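Here are my notes on the model you sent over. I have set them out as numbered points, so you can follow along with the structure open beside you.

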Amino acid sequence: MITNTTAQAQTASRTSVRTPAAQAVRDYLLPFMVCFAISLVSGLFYYLVPRSWNWTASQAALWIHLITGVLGFFYLVPYVLSHYKKKGESAINLIFVWRAFRRNENESDWAYQQRVFGHILNWLMALLGLSGFVILIPSFLWMSGVVWMAGYPAYQIANLAHLGFALLALAFIGFHVARRRKRKRIN
Ligand code: HEM
């Protein structure tokens, strides 16, 4: 039987206040994931589908890629900062990443691996964004009136690095974000 008290408790649990961590996931991590997915698909489309097939589609894919690629970082950075705060991780470890590889006292294998994967993911994301801007250097120069190309091998190396960082970042999103703590079996 539903009494007044149980009805009130049900309403309270339904309208329960989100924790700051859940709020950060909803406000930053999920939008970042959406941007990352769109950026990955449009980047792969631009890379794999010959431009001769449909020039407009190719250009649209590149613009979608650039916009969602850059936008993703506006969500990623605040999420990472709030995540660090919540986990009690020193923000300096973002830069001096080797400090983060030191194992904390009483840290379980799972927690240590999770932390290390997270730090590697941060660096992969930074290198991914950076390599994207490196590929764009000739375009920025051209817009400012300077014609300069680094040569085909350099372009290919930058492209391959960007593609490699994208695929590695995807793998580490799997290792870090989608990884769940193994439950102990009770026999
Ligand atoms: C700051 C953000 C980013 C910038 C400025 C950027 C820039 C670029 C540019 C200019 C290209 C075209 C390369 C060409 O001329 O062939 C490209 C391709 C590509 N991007 Fe990005 N990108 C960014 C973020 C991302 C992200 C977040 C991902 C993954 C989710 C990604 C994955 C790819 C892939 C797979 C390609 C096709 C392979 C390649 O050409 O390397 N990019 N990106």
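1. One definition before anything else: the domain bounds used here come from an automatic or database domain assignment. With those bounds, domain 1 covers 20–84 and domain 2 covers 107–187; both give residues to the shell around the ligand, so the ligand lies between them. Please keep in mind throughout that this is a predicted model.

2. The overall plan is quick to describe. The protein has six helices and zero strands, so if you read from the N terminus the elements run α-α-α-α-α-α. Of its 187 residues, 14% count as buried. Among contacts with a separation of 6 or more, 73% are between residues 24 or more positions apart.

3. Now the ligand. Which residues come nearest to the ligand? Of the 22 residues around it, they are L40, G43, Y47, G69 and G132. The elements that give two or more residues to this shell are α2, α3, α5 and α6. The largest share, seven residues, comes from α2.

4. The make-up of the shell is worth a look too. How many of the residues around the ligand are nonpolar, polar and charged? The shell divides into 13 nonpolar residues, nine polar ones and no charged ones.

5. Helix α2 runs over residues 20–48. Its 29 residues reach 40 Å from the first C-alpha to the last, close to the 42 Å expected at 1.5 Å a residue. A bend of about 35° sits at R26. The buried residues of α2 are A24, Y28, F32, C35, F36, S39, S42 and G43. G43 is thus on two lists, as a buried residue of α2 and as one of the residues that come nearest to the ligand. The cover over the buried residues of α2 includes α3 (55–87) and α6 (152–176).

6. The spacing of that buried set may look familiar. An α-helix has 3.6 residues a turn, so residues three or four places apart point the same way.

7. Helix α3 has 33 residues, which should span 48 Å at 1.5 Å a residue; its end C-alpha atoms are 47 Å apart, which agrees. Buried in α3 are A61, H65, G69, G72, L76 and V80. These buried residues pack against α2 and α5. G69 is buried in α3 and is also one of the residues that come nearest to the ligand. After the helix comes G88, with a positive phi near 70°.

8. L81 also lies in α3. Is L81 buried or partly exposed? It has 14 C-beta neighbours inside 10 Å; because a residue needs 20 or more to be buried, L81 counts as partly exposed. The C-alpha atoms of L81 and A91 are separated by 7.4 Å, with the two residues ten apart along the chain.

9. N106 deserves a second look. This residue is found in the loop between α4 (97–100) and α5. Its phi is positive, about 60°, although N106 is not a glycine. Most residues other than glycine have a negative phi. N106 counts as exposed because it has 6 C-beta neighbours inside 10 Å.

10. Helix α5 occupies 109–143. It has 35 residues and reaches 50 Å from its first C-alpha to its last, close to the 51 Å expected at 1.5 Å a residue. Where is the kink in α5? It lies at L136, shortly before the proline P138, and amounts to about 45°. The residue G145, which follows α5, has a positive phi near 95°.

11. The buried residues of α5 are G118, L121, N122, L124, M125, L128, S131 and G132. The cover over them includes α3 and α6. G132, buried in α5, is one of the residues that come nearest to the ligand.

12. Last, I173, whose place is in helix α6. With 19 C-beta neighbours inside 10 Å, and because 20 or more would be needed to be buried, I173 counts as partly exposed. Leaving aside neighbours within four places in sequence, I173 is in contact with L121 and A178. I173 and N122 are 51 residues apart in sequence and 9.8 Å apart in space, C-alpha to C-alpha. L121 and N122 both appear among the buried residues of α5, and the cover over that buried set includes α6.

Technical notes. Residues numbered from 1 in each chain as written. Predicted model: local features only at pLDDT ≥ 70, side-chain atom pairs only at ≥ 80, totals over all residues. Helix = DSSP H or I, 4+ residues; strand = E, 2+ residues; numbered from the N terminus. Expected span 1.5 Å × (residues − 1). Bend = angle between axes of the 7 residues up to and from the residue. Buried ≥ 20, exposed ≤ 12 C-beta atoms within 10 Å, placed from the backbone. Contact = placed C-beta atoms within 7 Å. Near = placed C-beta within 6 Å. Nonpolar A, V, L, I, M, F, W, Y, C, P; charged D, E, K, R; others polar.
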